[in-house]
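User: Hi! I have a model open in my viewer and would like to talk through a few of its features with you. Could we take them one at a time?

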Amino acid sequence: MTQADTGAAGTARPARRRRLPLAWLGLAPFMLFALLFLILPTLQIVTGAFVDQTGGFTFKNVVNLFTPSILSAYWISIRISVASAFLGCLVGFLMAVGITIGGLPSWIRAPLLTFSGVSSNFAGVPLAFAFLATYGRLGLVTLILRDWFGVNIYALGFNILSFSGLTLTYLFFQIPLMILIVTPALDGLKREWREAALILGASGAQYWRMVALPILWPTLLGTFALLFANAFGAVATAYALTGSSLSIVPILLFAQIRGDVLQDPHLGYALAFGMIVVTGIANFVYIWFRTRSERWLK
Amino acid sequence: MKTNRFWSWLFLLLGVAYFVFPLIGTFEFSLKMRRGAYSFDAYRTVLTDPQFQATFGYSVTMALATIVMGVVLVVPTAYWVRLKLPSWRPVIEFITLLPLVIPAIVVVFGYIRLYNTSSWLPLTGSAMGTNILLMFGYTTLALPYMYRAVDTGLRAIDVGTLTEAAQSLGAGWITIMTRVILPNVLVAVLSGAFLTFAIVIGEFTMAALLNRPAFGPYLQLIGANRAYEPAALAVIAFGITWLCMGLIQLVSRFSKLPNAGR
């Protein structure tokens, strides 16, 4: 950093008076792009949520969100996001523990991390196809369970086009993301801490409860928030899986943008605004916990 | 310690089973198009479908354009921030992370309202304009990954010294960018590029809402109307994602060799 500073001062000295405007100009293309294609479009939606048909300021659009059908869409979206984030964290954590400190052979680690990189990016429409072909009514696992074990999961209330099915599908990119984030954190647990705890007479469970988990806690909670936002904003997987039969927020918004199903464009703005608020809070929580976790894990 | 290892194996196997079942299931399903026998009929139908070729070609072109746009936008910016405006780093970093906070569907909703035919910049008025808008949308989607990759690459080289050396040899800014900085962060740029490719190739939301004939909406259409072809397409899409990640691993392994010798 200091080298860059001296370099900047050195190159700019002959033209000291022009230095400030020139340095600014270097960022102008990026700033212009971000403004035009990221920030202004978002602001357009946010301000649209607080404007009525005549252009005056109003809270009516946001208040209109609190109708039973829209509230239930938010509620099921939040439930799916919480369930898939929680299970993703849990399973991802257990698998990451296995490859870091759980005593699994070291050759497993690299392939698992590579696979996680692939799977965490394998979302969207193809993922929905894969789960339909596997857990749909004629899917491989459904048929095997029915024909070999006599278990009809559809008779037991499972449906790939429902809350449980969507949660199961989302785990395919949630678990790998958790593994990718938590593995470095687990690597950061120092061996000495465990040894010190054991020497002082702690059991393995006590070490986890009183040393390791408190250190990992910010990482775990932060990643939970990230996975939550990840699931909450996912449109393509849900749309390809359920069409519009399951009314979650992104699908409702998608249908609204395509064809004004809510009969009120400003309600669409409010719906999108609500999404930004939810993912914004989740990401804020993630960043906050992340800065806290960095104190220990260096 | 032994029980510990037993649980590790158990969780790993359960996890692996969860990931492997859909892959096997999809592959098996994609082979079942011909009644009573396994065949690659579904793949043949898909690959010879002119719609497939057209939409796939469109998405590949979009992905390449997005990569070029991303590189042109991100590399000079990240370089400039490191060289001249280090105090701006948190701001730029924050902006590049925004696409992770703002769902893509919200951004594209904003595009539709902001750049429609009656606005000051009517990009959605023509097919070319919409293509450009979609490319910009994809660039924002790829921004977090591209910027992170390039910034990590720049951290490994001494930007200040390289710039001064090039300048004292009489190089201008464009020469510095294309012949000094870019070759030095090429591996990072390539990782970002492959990731961008994997994201753009199957992207659905933006393309569907901007009404462009991309691969993602085509996949969705096939999924809604056919039985076996979607499974074949899912296998192909997974293969593409795998390929992109494999290439990232490959180029980053190449980059480690010279470093180890230093």
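User: Which helix of chain B holds B:Thr139?

Analyst: Happy to start there, keeping in mind that this is a predicted model. The element runs over residues 127–155 of chain B. So the place of B:Thr139 is in helix H6 of chain B.

User: Is B:Thr139 buried or exposed?

Analyst: A residue needs 20 or more other C-beta atoms within 10 Å to be called buried. B:Thr139 has 25 such neighbours inside 10 Å, and therefore it counts as buried.

User: Which residues does B:Thr139 touch, leaving aside those up to four places away in sequence?

Analyst: Setting aside those sequence neighbours, the search leaves four names, with contact judged by C-beta atoms within 7 Å. B:Thr139 touches B:Thr66, B:Met69, B:Gly70 and B:Leu73.

User: And how far is B:Thr139 from B:Leu182 in space?

Analyst: Along the chain, B:Thr139 and B:Leu182 are 43 residues apart. Taken between their C-alpha atoms, the separation is 19 Å.

User: Let's move to B:Ala42. Why does B:Ala42 count as buried?

Analyst: B:Ala42 is found in helix H2 of chain B, residues 41–48. The cut-off for a buried residue is 20 or more other C-beta atoms within 10 Å. B:Ala42 counts as buried because its C-beta neighbours inside 10 Å number 23.

User: What does B:Ala42 touch, and how far away is B:Trp88?

Analyst: Not counting residues up to four places away in sequence, B:Ala42 touches B:Ser30, B:Met33, B:Tyr228, B:Glu229, B:Ala231 and B:Ala232. B:Trp88 lies 46 residues from B:Ala42 in sequence. From C-alpha to C-alpha, B:Ala42 and B:Trp88 are apart by 53 Å.

User: Over to chain A: how do H6(A) and H8(A) lie relative to each other?

Analyst: The axes of helix H6 (residues 125–135) and helix H8 (residues 163–187) of chain A come within 10 Å and cross at roughly 125°. Angles of 65 to 115 degrees would count as roughly perpendicular and those over 145 as roughly antiparallel. The crossing angle falls in neither class, so H6(A) is oblique to H8(A).

User: Which residues make that contact, and of what classes are they?

Analyst: H6(A) contributes A:Leu127, A:Ala128, A:Phe131 and A:Tyr135, while H8(A) brings A:Gly165, A:Leu168, A:Thr169 and A:Phe172. By class, the contact of H6(A) with H8(A) has six nonpolar, two polar and no charged residues.

User: How does the radius of gyration of chain A compare with that of a compact globule?

Analyst: The C-alpha atoms of chain A fill a box of roughly 80 × 65 × 30 Å along the principal axes. A compact globule of 298 residues would have a radius of gyration near 19 Å. For chain A the value is 24 Å.

User: What is the secondary structure of each chain?

Analyst: Chain A comes to 13 helices and zero strands. For chain B the make-up is 12 helices and zero strands.

User: What percentage of the residues of each chain counts as buried?

Analyst: Chain A has 298 residues, of which 42% count as buried. For chain B, with 262 residues, the share is 47%.

User: Last one: which helix gives the largest share of the side of chain A that touches chain B?

Analyst: The contact takes 67 residues from chain A and 72 residues from chain B. On the chain A side, 42 are nonpolar, 23 polar and two charged. The largest share, 15 residues, comes from residues 19–48 of chain A, namely helix H2.

How values were computed:
Residues are numbered from 1 along each chain as its sequence is written. Chains are lettered from A and ligands numbered from 1 in the order in which they are written. This is a predicted model: local features need pLDDT of at least 70, side-chain atom pairs count only at pLDDT 80 or more; totals for chains, interfaces and linings use all residues. Two residues are in contact if their C-beta atoms, placed from the backbone, lie within 7 Å. Helices (H or I, at least four residues) and strands (E, at least two) are DSSP runs, numbered from the N terminus. Ala, Val, Leu, Ile, Met, Phe, Trp, Tyr, Cys and Pro count as nonpolar, Asp, Glu, Lys and Arg as charged, and the others, Gly among them, as polar. A residue is buried if 20 or more other C-beta atoms lie within 10 Å of its own, exposed if 12 or fewer, and partly exposed in between; C-beta atoms are placed from the backbone. Axes are lines fitted to C-alpha atoms, for helices over the stretch in contact, and angles run from 0 to 180 degrees between N-to-C directions. Angles under 35 degrees count as roughly parallel, over 145 as roughly antiparallel, 65 to 115 as roughly perpendicular and the rest as oblique. The radius of gyration is taken over C-alpha atoms; the globule rule is 2.2 Å times the number of residues to the power 0.38.
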